[in-house]
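Trainee: I've just opened this one and don't know my way around yet. Could you walk me through it?

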Amino acid sequence: MNDEVLKPLMDLVAFKTVRYNVEDYERAADYIVKLIEREIPEASVEVVEGIATYGKKRKVKNILAYVDAGADKTVALVSHYDVVDAKGPRRIKVGDSVIEFDPFKPTLIGDRLYGRGAADDKSAVVASIFATKYALNELSKNVLLVIAAEEETGGEGGIKAVADKVAELADEVIVIDGMYGVIANGASGVVHAKVKVYGTQGHAGMPFLCRNPTHALIRLLNTVLNYNIFGAYSELPVRSHFKTIADRLTITRLSAGLESYNVISRDAEAGIDFRYVTEEPEAAEDMLKRIFYGAASSLGLSMEDVSVEIIGNHPSRYIPPNHPFITRFKEIAEEVTGDKHVVGVERGGNDGFIFARRGIPTLTYGAMTEDSNIHAPLENLRLDVYEKLIKVLTEYLKR
Ligand SMILES: [Zn+2]
């Protein structure tokens, strides 16, 4: 593995860019700016500050770097340098020995780099910089590097703070925050909602005097547990290596009760993550509300007993799998790597919808593999895949 691309990645993984670590967040952004200035002196670099939505009220830096190749077309390469938190130390068994490591101390084991952010998404940050450097003398398009904050937290200070600027310049967007071998022509939409059940507070010794919202919530959630099995399948003509993508409804948070064990509380709530593949975000919200209000009424709960509050909605995005942007990228990726690639819709979501909504053709690609353990313990990056990602991007920028 070429040390030129490995060293900066390891440096970057060592910054703990989680939302509460203001110092490392800041240092990582400064490191990236210096890296771009050193590797691509031709780039004009701009730091755009956004106000962080989560954690301490503070500014976060988004980095834009533009390389003018005198072409009429500009491609934006989008990545993010924040990560989800990770706890250590973790143990990895290598042969007969056990290696202990901290997720923020990047560690090379075999053909992989272990560490939080190695795959998601610091490999993309470094890959986009070096691909631009390697293609510099043969660029067929102008390049806009977009290295954002707050992707993992979905905050307003990240990509949203630079979206207008990027949209103004970019004719197409590659979000490098995806799977290797999969060119994502679309992504699921995500609705987050709070489902709340109201009852009456009272003594647990006399439950018959209360309407216990916790019991009611459990019965309500029980009716939607099977939703994933019977979930609607997409009408969209999608192909994916994950088979056809269904809507997915998942209960991700639960909270009920007060401090005391002997008190029936006044309300109870659940957090819902609903992934959908319709192109109409409002329809997804309506569907989610119908599911819960319908279930509530079948249980004899009234509209006053239950509320469904939409917390957020990231729309899905989609361009046809035979869009020239997709087919061209696929052709180059397959030629350069010798590996078969598929076109499909992502189950997760990422910052791509922001550009897709503005009508800019957007695809997702990246260096993650199914065993990269992203958002989980022992996140890792396959170095051969990292190299291939750089090659694919370099070649795309040239042609
Ligand atoms: Zn990511």
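What follows is a chat about this predicted model.

Trainee: Let's start wide. Which domains does the domain assignment give the protein?

Mentor: Keep in mind that we're looking at a predicted model. The assignment splits the protein in two, and one of the parts is written as two stretches of chain. Those parts are domain 1 (3–187 + 316–398) and domain 2 (189–314).

Trainee: And how many Å separate the centres of domain 1 and domain 2?

Mentor: For this one you take the centres over C-alpha atoms. The separation between domain 1 and domain 2 then comes to 34 Å.

Trainee: Now some helices. At what angle do H1 and H3 pack?

Mentor: Two packed helices are described by the angle between their axes and the distance between the axes. Here the helices are H1 (residues 3–14) and H3 (residues 122–135), with axes 9 Å apart. H1 passes H3 in a right-handed crossing. The angle is about 145°.

Trainee: Which residues of H1 and H3 make that contact?

Mentor: The residues of this contact divide into eight nonpolar, one polar and one charged. On the H3 side you'll find Lys122, Ser123, Val125, Val126 and Phe130. From H1 come Val5, Pro8, Leu9, Leu12 and Val13.

Trainee: Over to H4. Why do its buried residues sit on the same side of the helix?

Mentor: The buried residues of H4 (residues 159–169) are Ile159, Ala161, Val162 and Val166. They share a side of H4 because the arc they cover around the axis is only 125°.

Trainee: Which residues are exposed on the other side of H4?

Mentor: An α-helix has 3.6 residues a turn, so residues three or four places apart point the same way. Turn away from the buried side of H4, and the exposed residues there are Asp164 and Glu168.

Trainee: What covers the buried residues of H4?

Mentor: The cover includes one helix, H9 (353–356). It also includes strands S1 (44–51), S2 (59–67), S3 (74–80) and S8 (142–148).

Trainee: Since S1 came up, is Glu49 buried, partly exposed or exposed?

Mentor: Glu49 lies in S1, and its contacts farther along the chain are Lys59, Val60 and Lys61, leaving out residues up to four places away in sequence. Glu49 has 15 other C-beta atoms within 10 Å, and 20 or more would be needed for buried, 12 or fewer for exposed. That makes Glu49 partly exposed.

Trainee: Which residues does Glu39 touch, not counting those up to four places away in sequence?

Mentor: Glu39 is in helix H2 (residues 22–39). With 18 C-beta neighbours inside 10 Å, Glu39 is partly exposed. The residues touched by Glu39 are Ile129, Phe130 and Lys133.

Trainee: How many Å separate the C-alpha atoms of Ile360 and Val173?

Mentor: Ile360 is in the loop between H9 and S19, and its contacts include Val173 and Phe355. Ile360 and Val173 are 187 residues apart along the chain. Their C-alpha atoms are separated by 7.0 Å.

Trainee: Let's look at the backbone. What is omega for the cis peptide bond of Gly88 and Pro89?

Mentor: Most residues other than glycine have a negative phi, and most peptide bonds are trans. Pro89 is in the loop between S3 and strand S4 (90–94). For the cis bond that joins Gly88 and Pro89, omega is about -5°.

Trainee: Which residues are joined by a cis peptide bond with omega about 15°?

Mentor: Look in the loop between strand S7 (112–114) and H3, where Asp121 has its place. The residues joined by that cis bond are Asp120 and Asp121.

Trainee: Is Glu150 buried or exposed?

Mentor: Glu150 sits in the loop between S8 and H4, and its phi is near 55°, a positive value in a residue other than glycine. There are 27 C-beta neighbours inside 10 Å of Glu150, so this residue counts as buried.

Trainee: Last one: what is phi of Asn373?

Mentor: You'll find Asn373 in the loop between strand S19 (362–365) and strand S20 (380–382). With 18 C-beta neighbours inside 10 Å, Asn373 counts as partly exposed. Although Asn373 is not a glycine, its phi is positive, at about 55°.

Note on methods
Residues are numbered from 1 along each chain as its sequence is written. This is a predicted model: local features need pLDDT of at least 70, side-chain atom pairs count only at pLDDT 80 or more; totals for chains, interfaces and linings use all residues. Helices (H or I, at least four residues) and strands (E, at least two) are DSSP runs, numbered from the N terminus. The arc is that of the directions from the helix axis to the C-beta atoms. Two residues are in contact if their C-beta atoms, placed from the backbone, lie within 7 Å. Axes are lines fitted to C-alpha atoms, for helices over the stretch in contact, and angles run from 0 to 180 degrees between N-to-C directions. A crossing is left-handed if the near helix is turned anticlockwise from the far one by less than a right angle, and right-handed if clockwise. Ala, Val, Leu, Ile, Met, Phe, Trp, Tyr, Cys and Pro count as nonpolar, Asp, Glu, Lys and Arg as charged, and the others, Gly among them, as polar. Domain bounds come from an automatic or database domain assignment.
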